[in-house]
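User: I am new to this structure and would like to understand the reasons behind the words used to describe it. Please set each term against its definition as we go.

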Amino acid sequence: MAVGTDESGWEVDPDDEWGVAVITTVGRQLKLRREAAGMRAGDFGVAVGYGEDLVYKVEGGKRIPRQEYLDRADEVLDAGGLISAAWEDVKKVRYPKKVRELGKLEAKAVEIGLYECNIIAGLLQTPEHARTLIEAAQPPYSPDDVDRMVAARLARQSVYERDPAPSMHFVLEEAPLRRQVGGTMVWRQQLERLLEVGRLHNVTLQVMPTNADAHPGLDGRIELLKFPDGTAVGRSDGAFNGRPITDPKHLRIVELRYGTIRAQALSPRESFAFIETLLGET
């Protein structure tokens, strides 16, 4: 990366207390080591290949450094791996707080059920599809924020690598599948990704056709996460103000809604055939 750039990190969310504490501590350690080595911020920036402004932001706890920044700083300051090791803490807070919390829940769940009304679920999105959706926001996000949000969304997909794998159920509306987000090539890659994930032994993928009767998901997204100890968390945009709920009585309502949606959607085999038909139309 050229000297003077300011793209090797993300802004720290001031409301994320834990994230602020971690990044502030890492930044302070970087500053102490740089000063102990007798290097000015500008000289250090030249040595690591980044701008002086970024150096001040990282050291001041205002910027979340990426792994390559820490690795390069470790080399320049001859830290013997101690600075690089800070990545273990940094990587835990590099994504927005809400995404981290969701990712933690998904990482613990033994069963994940999700219905999406207007988009393809984030756990199913390709990097290109995710980036196009995030870049379409108004007002637009900064390039760094877009990178951060795409990375966070893709990081959640590590759930597929878990062993034992959770049971995962997805119901997607037909309309988002037909929307050629990002152009024909990106759209085709997204449909192929759906087929790829749908073939996993622990995944069930269903499509809700546009000509289906009214169903409980028309109010928006529904999700259910169930855990090994028998507890669960649910959320429905059309109930309980869209807030996560754990009360058994409320969970039964969310489960009833989700079960009804699954019953009205195309079967997994019919859904596969439907997606393959869409791919054949171009």
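User: Where does Arg199 sit along the chain?

Analyst: Arg199 is found in the loop between α11 (184-198) and β5 (203-208), where helices (H or I, at least four residues) and strands (E, at least two) are DSSP runs, numbered from the N terminus. This is a predicted model, in which local features need pLDDT of at least 70 and side-chain atom pairs count only at pLDDT 80 or more, while totals for chains, interfaces and linings use all residues. Residues are numbered from 1 along each chain as its sequence is written, and side-chain values use heavy atoms, with hydrogens and water left out.

User: Why is Arg199 called exposed?

Analyst: The relative accessible area of Arg199 is 56%, and the definition calls a residue buried under 20% relative accessible area, exposed over 50% and partly exposed in between, using a 1.4 Å probe and protein chains only. Arg199 therefore counts as exposed.

User: Which residues does Arg199 touch?

Analyst: Leaving out residues up to four places away in sequence, Arg199 touches Phe272 and Glu276, where contact means heavy atoms within 4.5 Å. As for Asp163, which is 36 residues apart from Arg199 along the chain, the C-alpha atoms of the two are separated by 17 Å.

User: What makes the five strands a sheet, and in which order do they stand?

Analyst: Two strands pair if DSSP finds at least two bridges between them, and the five strands form an open sheet with mixed pairing in the order β5-β4-β3-β6-β7. Because β5 and β7 stand at the edges with a single partner strand each, one side of each is left without a neighbour in the sheet. The twist averages 5° from one strand to the next, with axes taken as lines fitted to C-alpha atoms, for helices over the stretch in contact, and angles running from 0 to 180 degrees between N-to-C directions.

User: How do you know that the pairing is mixed?

Analyst: β3 and strand β4 (residues 167-173) run parallel and are joined by six bridges, with Gly113 opposite His169 and Tyr115 opposite Val171. On the other hand, β3 and β6 pair in the antiparallel sense over five bridges, and there the bridge partner of Leu114 is Glu223. Strand β6 (residues 222-226) also runs antiparallel to β7, again over five bridges, and in β7 the partner of Glu223 is Arg235. Both senses occur, so the pairing of the sheet is called mixed.

User: Why is β7 described as largely enclosed?

Analyst: Five of the five residues of strand β7 (residues 232-236) are buried, so the strand is largely enclosed by the rest of the structure. In a regular strand the side chains alternate between the two faces of the sheet. In β7, Ala232, Gly234 and Ser236 on one side and Val233 and Arg235 on the other are all buried, so both faces are covered.

User: How many residues of β3 are buried?

Analyst: In strand β3 (residues 111-116), five of the six residues are buried, so this strand too is largely enclosed by the rest of the structure.

User: Which helix lies across these strands?

Analyst: Helix α12 (residues 248-264) lies across β3, β4, β5, β6 and β7, running at about 115° to β6.

User: How many helices and strands are there in the protein, and what share of its residues counts as buried?

Analyst: The protein has 13 helices and seven strands, and of its 282 residues, 44% count as buried.
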